[in-house]
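Biologist: Hi! Could you walk me through how the two chains in this one fit together?
Modeller: Happy to, let me bring it up.

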There are 2 protein chains.
Amino acid sequence: MLQFNIPALHTDKMEEAKAYIDSLTKPPGSLGKLEDIAIQLAGMTGEVKPDIRPASLVFCADHGIVEENVSASPQEVTYEMALNMVEGGAGISIFSKMIGAPLTVYDVGIARQVFNPKVMDCKVRPQGTANFLKEAAMTVEEAWAGIKVGYEAAKKAIDEGAGCIIVGELGIGNTTPSSAMLAAILEIDPETVVGRGSGINNEQLIRKIEVCREAIALHKPRKDDTIDLLSKMGGLDIAGMTGAIIGAAENRTPVLLDGFICTVAGILAELLAPGSKEYMIVSHDSVERGHQVAARYLGKQALIQLDLRLGEGTGAAIAYPLLQAANIMVKEMATFQSAKVSQK
Amino acid sequence: MLQFNIPALHTDKMEEAKAYIDSLTKPPGSLGKLEDIAIQLAGMTGEVKPDIRPASLVFCADHGIVEENVSASPQEVTYEMALNMVEGGAGISIFSKMIGAPLTVYDVGIARQVFNPKVMDCKVRPQGTANFLKEAAMTVEEAWAGIKVGYEAAKKAIDEGAGCIIVGELGIGNTTPSSAMLAAILEIDPETVVGRGSGINNEQLIRKIEVCREAIALHKPRKDDTIDLLSKMGGLDIAGMTGAIIGAAENRTPVLLDGFICTVAGILAELLAPGSKEYMIVSHDSVERGHQVAARYLGKQALIQLDLRLGEGTGAAIAYPLLQAANIMVKEMATFQSAKVSQK
């Protein structure tokens, strides 16, 4: 078990940032949400002009629940795509390169031995999680171990110079545990939050809803015990992301959330380490059904609406240039005084 | 008078792009609107993997209508901000630098002599336009001359390697001619499209609406004669943008529109050179009142919603990384075959 300590936002730096932004050569407020972002970044980092160099961290794991025919892709795609990621061909590879973010791919439980040394071997369970329709997905100790992988990954990235963490996941079947956990946390019927993931048909969708309902009935997860929930119905990719988000927040580092699975990890992070959500930015509104419910739970509005549903952290990497624009505004734009521009 | 010839989209290349995108290592359709953008870019350029290196072109001019107290800023700000732009301190300077776009600033009619050689001297009227509440803003010949400045600017940028044109404007008072022209084109009351520009008060807003109404009553612009409209109630910055948009479209080059003023120029371009709109992308939904009406006229949905209203082309530069992401997707993402990833 880990103890977390999330610092409060620097509200004085937010006020300082606001005043500074109003001195820049543009009509006051005319950069809209970019101004809000710059103020938020000041509160998180304690700097009006922070360094927000990005790093992408992707957590990969397999899910025993795929036995229940809840996914559009075969399980080996987790393994195959992990290799594609480190070889530069996946969505998160190309978008990380676009934004200058080093990409690190963690194997937290891919159900196959990975011989490529570019994939970080941090397997907590060599076969991935168990089928949580029949038994707990993993033990409490394993859930903590998964969180620790992400927590240390974030600290390492920050030690190496990252000022903004992009978290992503790879794990065939991982929208099912995400939906089950979100339904349990919100005490709502899974139908409200179960979506089509990477593209299941109607029959599979109905099955996926049933699986979530039955799993909740079987495990009766304790709503006030986040690790109980994560161990019974979660996944190791999700545990890794949860740890990375907490690690970023503890280090006053903004963390860009991707889509549904990632935002559920954000909720778990907030439950385990209250205050973490102040460091989270929801990058986009995913098409996946439960995403907006999850974002609302965190009290967040997304930066962009592009009907994305790829995962891997891609939405966060695609949205990152907007954070960069907000950051460049405070770093590089002239003031009325410095540029000798008249004010009314 | 210029003759324009806008080529049709390459629909075969759009189909080829769609099929190619479906072969990439991601669930089909999962990059949402980025996939649509990549298909559009293929139709415009005739290439599935086009080079869309950006160039920013800003057209600056003063407006005699500022005599009517319709602007929040004094007129000298046009001159001062043009210098700020070329010295690197303005919004469009820093965001152009962020996206690697060379920025060229054209003086089409700043009401003051500009001694900085980095500002391109293309003055059509040394004092800017006349007060169009009292007389025509400019002659028909001057309107054509302003269009020619932009048309040649776009051709020059494309000759120098640009594959995507960002158009922007600078001209204190320029939302007033934009609103008057849009109201005349749509045959609606100016109240529907007149907004607060860079931040006028209620009294000024009422005056601005009256000015537009009176000008339309005075000039009775001929709706089917775009140059008549532009010469009577337009501006030289707007003429420059109109020409640049047409120049881009003639050369099969995507053009990213910024906010309200720029989108009105897009409408003028479409009226003067039908088919131009196929090459236009609306970058963002501006807060300025008439913008969404103008975008709807062109049948366009914006890429981002960030409550921007700065102008200068900033919204287009801020949105450009999304075009870049769509472009990188087709250029760099692996296919299922190349990455040996299983499909269902």
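Modeller: One term before we start: a polar contact is a pair of N or O atoms within 3.5 Å, where within protein one must be able to donate a hydrogen and the other to accept it. Keep in mind too that this is a predicted model.
Biologist: Thanks. So how many residue pairs are in polar contact between chain B and chain A?
Modeller: The count is 15 residue pairs, with both residues at pLDDT 80 or more.
Biologist: And how many salt bridges across the interface?
Modeller: The rule finds 2 between chain B and chain A. One of them joins Glu332(A) to Lys97(B), with the closest N and O atoms 3.2 Å apart.
Biologist: Which elements of chain B give two or more residues to the side that touches chain A?
Modeller: Those are helix H2 (32-45), helix H3 (76-86), helix H4 (91-99) and helix H12 (314-332) of chain B. H12(B) gives the largest share, 9 residues.
Biologist: How do the residues on that side of chain B divide into nonpolar, polar and charged?
Modeller: There are 27 nonpolar, 14 polar and 10 charged residues.
Biologist: How much area do the chains bury between them?
Modeller: About 4200 Å², and 64% of it is on carbon and sulfur atoms. The contact draws 51 residues from chain B and 50 residues from chain A.
Biologist: Do tell me about symmetry. What turn lays chain B on chain A?
Modeller: A turn of 180°, with a shift of 0.0 Å along the axis, and the RMSD is 0.0 Å. The two copies are thus related as by a two-fold rotation axis. They also meet through the same surface, because 98% of the interface residues of chain B are interface residues in chain A as well.
Biologist: Switching topic: where is Lys26(B)?
Modeller: Lys26(B) sits in the loop between helix H1 (11-22) and H2 of chain B.
Biologist: Is Lys26(B) buried or exposed?
Modeller: Lys26(B) counts as buried, because its relative accessibility is 3% and the cut-off for buried is under 20%.
Biologist: A buried lysine, then. What does its side chain make a polar contact with?
Modeller: The side chain of Lys26(B) makes one with the side chain of Glu35(B), at 2.7 Å. A polar atom of the Lys26(B) side chain also lies 3.5 Å from the backbone oxygen of Ile21(B).
Biologist: Which other residues is Lys26(B) in contact with?
Modeller: Leaving aside neighbours within four places in sequence, the contacts of Lys26(B) include Leu31(B), Met329(B), Met333(B) and Phe336(B). From the other chain, Leu310(A) is in contact with Lys26(B) too.

Definitions and conventions: Residues are numbered from 1 along each chain as its sequence is written. Chains are lettered from A and ligands numbered from 1 in the order in which they are written. This is a predicted model: local features need pLDDT of at least 70, side-chain atom pairs count only at pLDDT 80 or more; totals for chains, interfaces and linings use all residues. Side-chain values use heavy atoms; hydrogens and water are left out. Copies are superposed by least squares on the C-alpha atoms of residues with pLDDT of at least 70 in both. Contact means heavy atoms within 4.5 Å. Buried area is the accessible area (1.4 Å probe) that two parts lose on being put together, summed over both. A salt bridge is a side-chain nitrogen of Lys or Arg within 4 Å of a carboxyl oxygen of Asp or Glu. Helices (H or I, at least four residues) and strands (E, at least two) are DSSP runs, numbered from the N terminus. Ala, Val, Leu, Ile, Met, Phe, Trp, Tyr, Cys and Pro count as nonpolar, Asp, Glu, Lys and Arg as charged, and the others, Gly among them, as polar. Buried means under 20% relative accessible area, exposed over 50%, partly exposed in between (1.4 Å probe, protein chains only).
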